[in-house]
Amino acid sequence: MRRFGVGTALLVLPVAVALSSGIFLAAPTLVFASLLNIADNSFNYSINQTARETLYVPTSSDEQYKARAFTNMFVQRAGKGIGIAIAFLLSAVSVDALRWLSPVTIAITGIWIWIAIFAGRRFQQLALEREESETPKVA
């Protein structure tokens, strides 16, 4: 994050998920399904979590509290619940149908990448504004 910035760190997980999903779509084997799971879990709890927490730095304590609560209590749980429901419904149709969850995942990661780019740029802007406001003015 120090070298490439928060915006780049936010892109690691969605790019890894999109690539893994594309590979799984091309060759739906247990090895590539495992790759998807490994990419999601390892990058989510290392790089992505750190980058998301860094996004709160240039905000007030009240904004941090509200944003964390909303993200942790609603967004993450709703996302996981929706994902599980979709996978369950597709597996009820056919186990082979799970393969076709990959194009949906790739489309969603496209949106996720766009949001990550926006968040990274907005973070830079807010951090710069905060730094400028904390710098003493010389008359």
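Here is a walk through this structure, from its overall layout down to a few single residues.

Before we start, keep in mind that this is a predicted model, where local features need pLDDT of at least 70, side-chain atom pairs count only at pLDDT 80 or more, and totals for chains, interfaces and linings use all residues. Residues are numbered from 1 along each chain as its sequence is written, and side-chain values use heavy atoms, with hydrogens and water left out.

Let's begin with the big picture. The protein has four helices and zero strands, where helices (H or I, at least four residues) and strands (E, at least two) are DSSP runs numbered from the N terminus. Reading from the N terminus, you get α-α-α-α. What about the overall dimensions? The C-alpha trace spans about 70 × 30 × 20 Å along its principal axes. The radius of gyration is 18 Å, while a compact globule of 139 residues would come out near 14 Å. That radius is taken over C-alpha atoms, and the globule rule is 2.2 Å times the number of residues to the power 0.38.

How much of the protein is tucked away? Of its 139 residues, 21% count as buried. Buried here means under 20% relative accessible area, exposed means over 50%, and partly exposed is in between (1.4 Å probe, protein chains only). Next come contacts, meaning heavy atoms within 4.5 Å. Among the contacts with a separation of 6 or more, 69% involve residues 24 or more positions apart.

Now take the helices one by one, starting with H2, which covers residues 30–54. Its 25 residues reach 35 Å from first C-alpha to last, close to the 36 Å expected at 1.5 Å a residue. The expected span is 1.5 Å times one less than the number of residues. H2 also bends by about 50 degrees at Asn 44; a bend is the angle between axes fitted to the seven residues ending at a residue and the seven starting there. Asn 44 is also one of the buried residues of H2, along with Ala 39, Asn 48, Ala 51, Arg 52 and Thr 54. What covers these buried residues? The cover includes H1, H3 and H4.

H3 spans residues 61–93, and its 33 residues reach 47 Å, close to the expected 48 Å. It bends by about 35 degrees at Thr 71. Gln 64 sits in this helix and is buried, with a relative accessible area of 18%. Leaving out residues up to four places away in sequence, Gln 64 touches Tyr 56, Val 57 and Thr 59.

H4 has 34 residues, which should span 50 Å, and its end C-alpha atoms are 48 Å apart, which agrees. Its buried residues are Ser 102, Thr 109, Ala 116, Ala 119, Gly 120 and Phe 123, and they pack against H1 and H2.

Several of those H4 residues turn up again in the largest nonpolar core, a group of seven: Val 6, Ala 9, Leu 10, Ala 51, Ala 116, Ala 119 and Phe 123. A nonpolar core is a set of buried Ala, Val, Leu, Ile, Met, Phe, Trp, Tyr and Cys residues joined through side-chain atoms within 4.5 Å. The elements giving two or more residues to this core are H1 (6–26) and H4 (101–134).

Zoom in on Ala 116 in H4. It is buried, at 5% relative accessible area. Apart from neighbours within four places in sequence, Ala 116 is in contact with Leu 10 and Leu 11. Its C-alpha is 9.7 Å from that of Arg 52, although the two are 64 residues apart along the chain. With the same kind of neighbours left out, Ala 119 touches Leu 10 and Leu 55.

Over in H1 you'll find Ala 16, which is buried at 13%. Not counting residues up to four places away, Ala 16 touches Ala 39 and Phe 43.

Finally, look for rings. The whole structure holds two aromatic pairs. In one of them, the rings of Trp 114 and Phe 118 have centres 6.3 Å apart and planes at 15 degrees, so the pair is stacked. The rule is that rings of Phe, Tyr and Trp (its six-membered ring) pair if their centres lie within 6.5 Å; planes under 30 degrees apart count as stacked, over 60 as edge-to-face and the rest as tilted. Both residues lie in H4, four residues apart, about one turn of the helix. Are they buried or exposed? Trp 114 is exposed at 59%, and Phe 118 is exposed at 52%.
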